[in-house]
Amino acid sequence: MLPFQEQIISDILDDSNGGLIILASGLPISPLLSSLLALLPSHLTPLLLSVPDSLKPSLSPLSPVDISFDLPSHQRASLYTSTKPLFLSPRILIADLLTSRCSPSSISALFIFNCHRLSDTSTESFIARILRQLSPRDCLIPTFAFTDCPHAMVSGFSKTERLMKCLFVRRLHLWPRFHVVVSSDLEKYPPEVVDVRVPMSPAMKGIQTAILEAMDACLKELRRTNKVDVEDLTVEKGLFKSFDEIVRRQLDPIWHVIGKKTKQLVSDLRTLRKLLDYLIRYDAVTYLKYLDTLRVSEGVRSIWIFADSSHKIFELAKKRVYQVIRSDGTRIILDAKNTPTKKRRVTTDSKKGKEIGNEATSSSKDNAAIILEEVLEDAPKWKVLRELLEEIEEERRKENEENEKNMSGNGDNDTDMILVVCKDERSCLQLKECILKGPQQAMRQEWEKYLLGKAELHGLNKRKRNKPKSKEPKGYGITIDGGMVTCTTSTKSTENAELNTISRLENEALFAKSLEITKLTKQVELQAETNTENPKSTKVKGKQILKKKNKSQGEKEPQGKSSSDFTTETLLKDGKPLPPLQFCALERDINILEEWKPSVIIVYHPDMRFVREIEMYKAENSDRKLKVYFLFYENSTEAQKFEASIKRENSAFESLIRQKSLMMIPVDQNGRCIGSSYSNGEPELALSNSVTRKAGGRKPIDKEKRVIVDMRELMSSLPNVLHLKGMNVVPITLEVGDYILSPLICVERKSIGDLYQSFASGRLYNQVETMVRYYRIPVLLIEFSQDKSFSFQCASEIGDDVSATNIISKLSLLIMHFPRLRLVWSRSLHATADIFLSLKSNQDEPDETSAMRVGVPSEDGVIQNDVRAENYNTSAIEFLRRLPGVTDSNYRALMDGCNNLAELALLPVERLAELLGSQKAACTLREFLDAKCPTII
């Protein structure tokens with residue numbers, strides 16, 4: 001453990017209340033957690049809420065127990081006294097605390113992770129409040145909250161201070177990277193760093209410039225709306241995912257009144273940020289494939305796709321993969337409107353294709369053919385990566401020779417492993433293929449996959465529009481011959497027809513190329529099937545076909561190994577050996593440096609968090625030699641985003657330091673944090689006009705207010721707010737409703753998203769039906785989010801007539817069908833708690849034993865508090881609903897069509913089909929009624 005980590009632990013243990021610890025991104029939490037768990041009392045049980053998967057392996061020596069809801073309640077109660085660290089979710093813990101399965105006297109400490117995601121109404125704050133109330137005053141349960149996302153702690157108004165009050169902690173521990181103690185420890189033994197700046201290709205530069213222009217144009221349009229804070233609308237902030245949250249947070253309260261254009265601009269900014277990221281991360285063919293999907297999915301409604309710069313994005317992405325030329329060597333040049341402007345004749349003497357002659361083209365030549373010239377531009381980083389590997393292997397070879405001369409070998413702690421770090425798994429797999437088979441072969445595989453996808457898509461479209469064509473050509477004709485598309489124009493062709501011909505010929509040329517690839521693959525498969533008896537001849541013929549294919553494409557047969565033969569030492573095309581390699585994806589969020597102990601790290605996609613992990617690894621292993629290569633695209637958004645992430649974290653810590661100097665955390669006379677300003681009950685009102693006949697103005701003793709909550713509702717924040725308002729929350733498993741306010745009032749709570757889904761699935765109708773059946777006052781609560789608009793839809797979207805797809809029409813029909821149902825609209829969680837208080841006034845308190853039995857039949861088959869049993873034979877109805885062919889939508893028609901089950905058994909099939917609305921259901925029910933009962937002889 002480093003000295004700054006020991007300093008962190010000593011600072012945390014200074015306060016018995018615990019504290020909020022904010023670390024710089026990449027600084028490890030696992031050694032701090034292990035040390036804190038070792039210093040806690042051994043006879044008590046520590047609780048760890050929502051532990052990240054990356055921390056669990058480091059805590060395995062402590063033998064922790066992972067608790068899930070599948071575990072029975074009595075086993076969970078015994079584990080709370082087992083003194084082992086427990087991994088559990090907040091929902092499980094709050095349920096066990098409210099039901100007294102978990103005693104606060106058996107808990108040593110509470111650990112909370114990723115506390116930047118918490119809020120005032122989160123379940124974690126509910127747990128901290130319950131523990132504070134149930135624990136004795138002389139025995140505090142410390143709460144340790146950790147986070148390594150400082151930029152998320154400065155969003156909103158005084159988020160850090162409000163979070164500390166909710167968790168009942170009074171100490172804030174800030175440990176940025178620029179802290180004096182941290183810097184001295186990490187910079188004492190720095191690794192050898194090589195910053196490699198790779199120039200981007202001209203096409204990549206053009207695409208990046210076009211995307212940035214499109215983003216700037218979208219941001220300017222957003223500024224004109226005057227709905228968003230202008231300071232947040234910068235291209236630099238638009239490079240991060242949090243930018244979407246910032247913009248959406250500002251627009252959510254007025255989302256129902258802003259226009260469709262503004263909503264689409266927010267979506268377009270997200271798409272453009274992905275395009276910037278994928279330009280650097282993926283190869284040219286994959287990038288073109290993604291652009292093709294965007295053209296189909298967002299081509300109609302997107303705004304950026306109609307900008308002038310968007311044409312440049314698509315055209316340059318195509319030029320990185322292929323170019324369209326005529327059979328005589330003439331290259332077709334398109335302007336921004338996809339119209340041919342001029343042609344250039346390309347000579348075949350030089351390899352680069354020398355351009356000679358510029359002629360205006362007003363009409364296409366007769367019988368001119370169009371073919372595709374493959375470019376397949378590989379990523380510039382690929383070549384640099386191969387050169388780095390060759391250089392590393394050469395340096396190692398020279399070092400080994402010197403060691404042999406000096407008769408001294410490497411230390412036992414040194415390894416020859418080279419670690420290549422990428423952002424995702426796909427990049428790792430592609431780099432493996434690139435190293436094994438070469439860049440051109442890897443690009444050709446992607447190109448063949450792209451063409452095969454085009455062929456499949458063309459086949460689907462051809463089946464859809466399989467219509468007879470006229471015999472005479474209309475303007476031009478297209479024939480496919482050997483990967484070449486021929487265009488024959490007629491005398492009636494016009495200029496408008498010619499303008500559309502080029503793009504059509506390009507698509508047909510792609511299809512022709514895909515047919516060529518498909519034929520070659522089918523030949524190989526056919527040879528393998530027909531010559532199964534002679535496998536040697538199959539291999540020879542297959543190789544001959546592949547050789548023909550490679551010769552036609554102008555490339556030699558690859559000599560590298562296949563991906564299945566990948567070993568630690570692989571030969572390049574020129575025969576040079578490679579050092580042992582290992583690839584790692586950052587998205588897996590696994591610390592692999594201590595496991596693999598590499599001597600050289602090549603950071604293919606730079607990331608600030610991983611840079612800190614490298615610094616920690618080198619500081620903890622100062623005797624190891626470590627060399628780190630960073631691959632950056634020069635003058636790219638990759639380097640800009642990396643630098644901006646460091647700047648953003650530093651500014652966040654500076655803001656937190658200023659907040660800490662001005663922070664006010666109230667404490668009582670014993671030094672315990674009082675918490676938030678909300679009292680655990682109703683605010684005491686001053687009795688201004690107190691008279692003697694009211695016992696000298698003494699306030700009457702309020703009775704306990706109780707709310708029975710369904711166990712599944714503990715996932716929401718409403719039970720926490722109800723407890724804040726002074727209500728006693730009793731969690732049980734309810735068959736009917738979500739909240740029981742009194743013996744007469746049952747509430748079914750629906751958020752906006754859940755309301756739409758419940759209407760679509762029909763679940764809401766059954767829920768309301770059961771509430772009307774068992775309770776006198778059924779209530780449907782429709783709750784909106786506090787940070788969103790208090791509106792279903794715009795006024796223009798509400799029609800005059802009833803529509804099956806309109807939510808207002810569905811609600812109207814629901815009220816008409818159940819007249820006793822009451823609708824309650826709430827704009828936020830706190831408004832819902834106030835509504836519950838007003839509904840409970842002058843009402844008896846509910847009983848949890850009676851509420852559990854509602855809707856559950858007893859041993860005699862009798863259901864308690866069944867309102868429908870007064871007018872209907874509920875046992876016969878339940879039997880009817882279980883018959884084959886009878887569903888929730890047709891059993892009422894059967895009840896109206898016959899008086900009893902005996903009359904139902906005598907109805908013919910025709911009458912049953914009329915009542916059930918389906919001939920199939922009627923036959924199923926009739927066959928069941930007429931079936932013979934088995935007898936025992």
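Start with the disulfides. A search of the whole structure, which is a predicted model, finds 0 of them. A disulfide is a covalent bond between the sulfur atoms of two cysteines. Cys422 is in no such bond. The nearest cysteine sulfur belongs to Cys428 and lies 4.0 Å away. A disulfide needs the two sulfur atoms within 2.5 Å, so a pair 4.0 Å apart does not count. Where does Cys422 sit, buried or exposed? Cys422 is buried, and its relative accessible area is 0%. Cys166 is buried too, at 9% relative accessibility.

Now take the chain as a whole. The protein chain has 31 helices and 25 strands. It has 937 residues, and buried residues make up 46% of them. Next, consider contacts between residues at least 6 apart in sequence. Of these contacts, 71% join residues at least 24 apart.

Charged side chains come next. Side chains of opposite charge can pair when their charged atoms come close. How many salt bridges does a search of the whole structure find? The search finds 41.

One of them joins Lys220 to Asp216. Their closest N and O atoms are 3.7 Å apart. The cut-off for a salt bridge is 4 Å, so this pair qualifies. Both residues belong to helix α8, which covers residues 202–224. They are 4 residues apart, so about one helical turn separates them. Lys220 is partly exposed at 44% relative accessibility. Asp216 is also partly exposed, at 27%.

Another salt bridge pairs Arg706 with Glu848. Here too the closest N and O atoms are 3.7 Å apart. This pair links distant parts of the chain, with the two positions 142 residues apart in numbering. Arg706 lies in strand β20 (residues 706–710). Glu848 lies in helix α26 (residues 848–853). Arg706 has a relative accessible area of 22% and is partly exposed. Glu848 is partly exposed at 27%.

A third example is Arg926 with Asp930. The closest N and O atoms of this pair are 2.9 Å apart. Both residues lie in helix α31 (residues 919–930). They sit 4 residues apart, about one turn of the helix. Is Arg926 buried or exposed? Arg926 is buried, with a relative accessible area of 12%. The cut-off for buried is under 20%, so Arg926 falls inside it.

Salt bridges can also join up. Asp277, Arg281, Lys423 and Asp424 are linked in a network of them.

Turn to a pair of helices. Two packed helices are described by the angle between their axes and the distance between the axes. Helix α19 covers residues 608–620, and helix α20 covers residues 637–662. They pack at an angle of about 75 degrees, with their axes 10 Å apart. That angle makes α19 roughly perpendicular to α20. Which residues make the contact? From α19 come Met608, Val611 and Arg612. From α20 come Phe642, Ser645, Ile646 and Glu649. By class, the contact has 4 nonpolar, 1 polar and 2 charged residues.

Some residues lie apart in sequence but meet in space. Glu373 is in strand β13 (residues 368–374). Glu373 and Ile325 are 48 residues apart in sequence. Yet their C-alpha atoms are 6.7 Å apart. Glu373 is partly exposed, at 30% relative accessibility.

Gly897 gives another case. Gly897 lies in helix α28 (residues 891–897). Leu915 is 18 residues away along the chain, and the two C-alpha atoms are separated by 7.0 Å. What does Gly897 contact, leaving aside neighbours within four places in sequence? The partners are Glu903, Arg911 and Leu915.

Finish with the backbone. Thr83 is not a glycine, yet its phi is positive, about 65 degrees. Thr83 lies in the loop between α3 (73–79) and β4 (86–88). Thr83 is partly exposed, with a relative accessible area of 34%. Leu376 also has a positive phi, near 50 degrees, and is a residue other than glycine. Leu376 is found in the loop between β13 and α13 (380–406). Leu376 counts as buried, at 2% relative accessibility.

Key. Residues are numbered from 1 along each chain as its sequence is written. This is a predicted model: local features need pLDDT of at least 70, side-chain atom pairs count only at pLDDT 80 or more; totals for chains, interfaces and linings use all residues. Side-chain values use heavy atoms; hydrogens and water are left out. A salt bridge is a side-chain nitrogen of Lys or Arg within 4 Å of a carboxyl oxygen of Asp or Glu. Buried means under 20% relative accessible area, exposed over 50%, partly exposed in between (1.4 Å probe, protein chains only). Axes are lines fitted to C-alpha atoms, for helices over the stretch in contact, and angles run from 0 to 180 degrees between N-to-C directions. Angles under 35 degrees count as roughly parallel, over 145 as roughly antiparallel, 65 to 115 as roughly perpendicular and the rest as oblique. Contact means heavy atoms within 4.5 Å. Ala, Val, Leu, Ile, Met, Phe, Trp, Tyr, Cys and Pro count as nonpolar, Asp, Glu, Lys and Arg as charged, and the others, Gly among them, as polar.
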